[in-house]
Amino acid sequence: MALALGAFTTLVSAAVTGRGAAVTVALEKNAFAADEGILARVTITNTTRGELRILRWFTPSDGVKENLFRVTVYGKEVEYLGPDYKRPEPTAKDYITLRPGESLDATVDLSGYYDFTDSGYYAVEYNADALNLFTNQPNMFAKPEALKSEAVEAWVEGREVRVGDGATADSVVGSTSFTGCSTSRQSSLNTARNNAYTYASNALGYLNAGTTGSRYTTWFGTYSSSRYSTVRSHFSSISNAMNNAAVNFNCTCTDSAYAYVYPTQPYKIYLCNAFWSAPSTGTDSKAGTLVHEMSHFNVVASTDDWAYGQTAAKSLARSNPSRAIDNADSHEYFAENTPALP
């Protein structure tokens, strides 16, 4: 992923996480014209005396596939424009191993992932945290851990927003359209959307009834009226979008993930390899994946990915209910309700 570039002129001191990973960010220059990419080099170094395992998805080794940076202009955080994925629960093969003193280096063009519409001084820092960040076996009371750097500043001339591809649909069936999908996949997706609407409507019915059983607390943690109201609002929006939005399904992804979306581009959903082998309903199903992805859109629920998989999502609900109600997998598992909880 690293690009062969000249010297990066804007360096910052490293921030060291609790696991001993030192993170630095360097920008290519101190000022960027509107027609220039904003190249940032990230270096993650193992400062410990033992091996350090880091979940690849939260590093830029394969590009920016999560919201990995915090970018601000005059103190105001700008919008992340990149993709949000649904992935399988991580296994050992999803981790990068750094030996003592070893570093991972990657360079990315931030202009494709963050909103640099306004001219001004921008501060950029690495800011990735997740429950599975350093281990794929968190205990039930584990808390999210982080990879963070200090901030670095540069002047950026405003430019038009540039995000993902704008593929158009090659056929339309009602309010559902398809890009690069075979006839059999179109049929599968129509069924998945109907099942996802059933899931979302059932979840909304549970919440409208004011039920606070183990189904709610398992996935969203200790009850509070404000958090409960937020989750209810989320499922109202998810159910409405599943039923009424003009959704485009794109079948061109070959990634090992289930699916991804660009949160600022409703309602385009990109389906990846794991989606096609998933069951129609149940845990990590096709229908549940659509609930997960629909929740990511800013106009729906604007969820993030704080934890992947049922074990991590349960841990998140116990340790941080405020993040659980913002976690896409938590919404999916609440909707799938497999095994069924009251």
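**Entry 1: a term, then a tyrosine**

Exposed, in these notes, means over 50% relative accessible area, and buried means under 20%. I am working from a predicted model, and I began by looking up Y74. Its relative accessible area is 59%, so I wrote Y74 down as exposed. I then checked where Y74 sits: the loop between β6 (69-73) and β7 (76-77). Y74 also turned up in a nonpolar surface patch, where Y121 and W155 are the other members. I noted about 360 Å² for the area of that patch.

**Entry 2: the chain as a whole**

I stepped back for some overall numbers. The protein chain has 342 residues, and 53% of them count as buried. I find eight helices and 18 strands in the chain. The exposed area comes to about 13900 Å², and 47% of it is supplied by carbon and sulfur atoms. I also looked at contacts between residues at least 6 apart in sequence: 70% of them join residues at least 24 apart.

**Entry 3: how far to trust it**

I checked confidence before going further. The average pLDDT of the protein chain is 89, and 89% of the residues score at least 70. Two stretches got a flag in my margin. Residues 1-6 stay under 50 in pLDDT, and the model gives them 13 contacts beyond four places in sequence. Residues 164-174 are also below 50, with 22 contacts in the model beyond near neighbours in sequence. I will read the contacts of both stretches with those scores beside them.

**Entry 4: the cysteines**

How many disulfides does the structure hold? I counted two.

I took C181 and C251 to begin with, which are joined with an S to S distance of 2.0 Å. The torsion about their S-S bond is about 90°, so I noted this disulfide as right-handed. C181 lies in the loop between β15 (176-179) and α1 (183-208), and C251 in the loop between β16 (247-250) and β17 (259-261), so the pair ties together parts 70 residues apart in sequence. Both ends are covered: C181 is buried at a relative accessible area of 10%, and C251 is buried at 7%.

Next I looked up C253 and C272, a disulfide with S to S at 2.1 Å. Here the S-S torsion is about 95°, so this disulfide is right-handed too. C253 is in the loop between β16 and β17, while C272 is in the loop between β18 (268-271) and α4 (273-277), so the parts tied together are 19 residues apart in sequence. C253 counts as buried at 12% relative accessibility, and C272 counts as buried at 0%.

For the pairing pattern, I numbered the bonded cysteines of the protein chain in sequence order and got 1-2, 3-4.

**Entry 5: a valine in a loop**

Is V300 buried or exposed? With a relative accessible area of 10%, V300 is buried, because the cut-off for that word is under 20%. I placed V300 in the loop between α5 (286-296) and α6 (310-319). Setting aside neighbours within four places in sequence, I listed its contacts as S237, I238, A241, Y267, M294 and S295. I also checked V300 against S239: the two are 61 residues apart in sequence, yet their C-alpha atoms are 9.5 Å apart in space.

**Entry 6: a pair to look at together**

I closed by setting two residues side by side on screen. Y74 is exposed at 59%, whereas V300 is buried at 10%. Each is in a loop: Y74 between β6 and β7, V300 between α5 and α6.

Notes. Residues are numbered from 1 along each chain as its sequence is written. This is a predicted model: local features need pLDDT of at least 70, side-chain atom pairs count only at pLDDT 80 or more; totals for chains, interfaces and linings use all residues. Side-chain values use heavy atoms; hydrogens and water are left out. Patches are made of residues with over 30% relative accessible area and no salt bridge: like charges are joined within 9 Å, nonpolar side chains (Val, Leu, Ile, Met, Phe, Trp, Tyr) within 5 Å. Accessible areas come from the Shrake-Rupley method with a 1.4 Å probe; for residues, only the protein chains shown count as cover. A salt bridge is a side-chain nitrogen of Lys or Arg within 4 Å of a carboxyl oxygen of Asp or Glu. Helices (H or I, at least four residues) and strands (E, at least two) are DSSP runs, numbered from the N terminus. Buried means under 20% relative accessible area, exposed over 50%, partly exposed in between (1.4 Å probe, protein chains only). Contact means heavy atoms within 4.5 Å. A disulfide is a pair of cysteine sulfur atoms within 2.5 Å. pLDDT is the predictor's confidence in each residue, from 0 to 100.
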